[in-house]
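Okay, thanks everyone, I'll keep this short. Let me put the structure up, and then we'll go through the ligand site and a pair of helices.

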Amino acid sequence: MRHVLLNPGPVVLSDAVRAALTRTDLCHREPEFAELQGAVRAGLLRVADLPAEAWSAVLVAGSGTAAVEALVASLVPRGRALAVVANGVYGERVAAIAAAHGIEHEVLALGWGDEVAPAAVAELLARRPDFAGLAVVHHETTTGRLNDLEAVGAVARAAGVPLLVDAVSSFGAEELDLERWGVAALAGTANKCLHGAPGISFVVARRAALAAACEPPRGVYLDLARHAAQQDAGSTAFTQPVHVLHALSAALDEHAQQGGWRARRARYRELAERVRATLSDLGVEPWLDPAASSACLRAYALPAGRGYAELHDGLKERGFVIYAGQGALERRIFRIATLGAISDADVDRLDAALRDVLAR
Ligand SMILES: *Cc1c(COP(=O)(O)O)cnc(C)c1O
């Protein structure tokens, strides 16, 4: 039986991406590796239509959190503070990262799933004069809410504060107009909307932001400026996961061939709407308004009298892995992501599995 992952990454790989994982072994100090790394970095900029003169995609081996931590630790200079918008687990994680590195920060602490009101962001930015950045999560995977970066960016721009974005679960499938929205840098990962294998993450940053990175750096491994300088020189600061990069290269080729982020967003929406229609038939309703949700993931209210475990286990027996709510939402919601190489046949089978499990 085919196992289909409906969690927000890691995702079901396409055959081409899986095959790329077994491409040739490379020494990370040889020109063949430099070529692969260069192609991946260029491909990442292409996803967001960014010119290489002004922007750099810096690879950081690790999960998405590695890129978020590298971004926060590197791009807030010493003696400056960070403003953080938190309306879910991942916004709260950014604040935890700032605390771990001793970075002074102020948090706009919202309820999970709450909308981010521009006026509240303006109030946050007025709290102190030395903010070097406003950190915000684009797609808050906790609830599926897609935060309005354009509106938040307008407030930040008016206050002269650059945006630092956790785009880990949106890069590659949602609109990201970095230039216009005043984004200085974002963190992303291979194994969500880009459909690569887990093991490599990245920061896409304005070159000017990298040039103004924290000095001396707050870490050795998470020093973005060091990674950027080495990668620009065709090298790498530390060993890269070569096979994972082969896979990301194949995934980026597929992303471009399939029509880029617009086509991917349309595909995710189509699948999410099919799942919503099935669930609606079965009396299960969205927990968050679909119009406020990302294309990538939807949160649904757990039906009365049903535990998550029962739903999860019933679906897993039928070949599907769904995702629980986190923290206080664990007993209230479940989540279904439609990322990855999911076919129409998979969704037909999911439709049947949901009817089977929920009708019992
Ligand atoms: C998945 C995710 C992360 C990173 O999670 P990892 O487990 O470290 O890959 C960060 N932010 C958001 C919004 C995410 O969805």
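So, how do the residues of the shell around the ligand divide into nonpolar, polar and charged? Keep in mind that this is a predicted model. The split is three nonpolar, six polar and three charged. If you want to click through them, the residues around the ligand are Ser 63, Gly 64, Thr 65, Tyr 90, Arg 93, Val 137, His 139, Thr 141, Asp 166, Val 168, Ser 169 and Lys 192. As for where they sit, helix 3, residues 64-75, supplies at least two residues of that shell, and helix 4, residues 89-100, also supplies at least two.

Now the polar contacts. With Ser 63, a side-chain N or O atom is 2.5 Å from an oxygen atom of the ligand. Lys 192 also points us to a ligand oxygen atom, with 2.8 Å between that oxygen and an N or O atom of the lysine side chain. For Asp 166, the partner is a nitrogen atom of the ligand, and a polar side-chain atom of the aspartate lies 2.6 Å from it. And how much of the ligand does the protein bury? Taken alone the ligand exposes 380 Å², and 85% of that gets buried by the protein.

Last bit, the helix pair. Helix 2 covers residues 31-47 and helix 10 covers residues 242-257; they pack with their axes 9 Å apart, at an angle of about 40 degrees. Angles from 35 up to 65 degrees fall in the oblique class, so helix 2 and helix 10 are oblique to each other. And the crossing of helix 2 past helix 10 is left-handed. That's me done.

Note on methods:
Residues are numbered from 1 along each chain as its sequence is written. This is a predicted model: local features need pLDDT of at least 70, side-chain atom pairs count only at pLDDT 80 or more; totals for chains, interfaces and linings use all residues. Side-chain values use heavy atoms; hydrogens and water are left out. A residue is near a molecule or strand if one of its heavy atoms lies within 4 Å of it. A polar contact is a pair of N or O atoms within 3.5 Å; within protein, one must be able to donate a hydrogen and the other to accept it, and residues adjacent in sequence count only if both atoms are side-chain atoms. Accessible areas come from the Shrake-Rupley method with a 1.4 Å probe; for residues, only the protein chains shown count as cover. Helices (H or I, at least four residues) and strands (E, at least two) are DSSP runs, numbered from the N terminus. Ala, Val, Leu, Ile, Met, Phe, Trp, Tyr, Cys and Pro count as nonpolar, Asp, Glu, Lys and Arg as charged, and the others, Gly among them, as polar. Axes are lines fitted to C-alpha atoms, for helices over the stretch in contact, and angles run from 0 to 180 degrees between N-to-C directions. Angles under 35 degrees count as roughly parallel, over 145 as roughly antiparallel, 65 to 115 as roughly perpendicular and the rest as oblique. A crossing is left-handed if the near helix is turned anticlockwise from the far one by less than a right angle, and right-handed if clockwise.
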